[in-house]
Amino acid sequence: MTLFHAEDEGQKVITTLHAKSRTRYNLGIFIICILIGLFLSCVSVIYPTLIGAFGEKPRFIHQLLGFLSHFSLAVLAIALSAIFTRELVKNKQNTWWGVLAILIVSVVIATLKETILQIKGLIWLLPPVRFSLEIMSSEDSIKSIPNSFYWQFAWIFIYASFVILLFFLLSNRKRK
């Protein structure tokens, strides 16, 4: 959220002129955010391993799943944050509250998954945070990545891509 709001409107106009379009400007912000998410996802797996924070040394499969879970959540959070930027939300106070509300609801839904699944269609509209939490809580004895995890990661990235596309569509529509 902070990167989306890093520049005031005057500086944003200058940067947009250098980028040659508002779309390229926003795409640049997304790329920077994703690179930061990639770096922090690496740190979130490597640092605890190096300091011996786990009960036993994690196997490569657990480190890979941990990295993919953190990175997929980072991409999802970036996408959701974009929807609540000042570019789309008029009231500046609602930018942070909107993202917090979505993330809190998503975590609550992760715990109430069975109840929510009974309401057909609703589960597809909600952010798939539950998949990443399921993956991170996989058994210690797994030897390879289960096939269902591939689809769960794919859905998180597809969902985030749709939200980012929605951001660009709403952003372009608002400018017209």
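How far apart are the end C-alpha atoms of helix α8, and what span should its 29 residues give?

**View 1. Helix α8, end to end.** This is a predicted model, in which local features need pLDDT of at least 70, side-chain atom pairs count only at pLDDT 80 or more, and totals for chains, interfaces and linings use all residues. Residues are numbered from 1 along each chain as its sequence is written, and side-chain values use heavy atoms, with hydrogens and water left out. Helix α8 covers residues 147-175, and its end C-alpha atoms sit 43 Å apart. That agrees with the 42 Å expected at 1.5 Å a residue (1.5 Å times one less than the number of residues). Helices here are DSSP runs of H or I, at least four residues, numbered from the N terminus.

**View 2. Buried residues of α8.** Among the buried ones (under 20% relative accessible area, 1.4 Å probe, protein chains only) are F149, F153, W155, Y159, F167 and F168. Q152 and S171 are buried too.

**View 3. The largest pocket.** Its volume is about 430 Å³ (the space filled by probe spheres set on grid points, joined across faces, edges and corners). A pocket is an open set of points on a 1 Å grid over the protein atoms alone, where a 1.4 Å probe fits, with protein on both sides within 12 Å along at least five of seven lines; lining residues have an atom within 4 Å of a point. F54, P58, H62, Q63 and D140 lie nearest the centre, out of 17 lining residues. Helix α3 (60-83) gives the most to this lining, with 5 residues.

Methods:
Helix = DSSP H or I, 4+ residues; strand = E, 2+ residues; numbered from the N terminus. Buried < 20%, exposed > 50% of the residue type's maximum accessible area, 1.4 Å probe, protein only.
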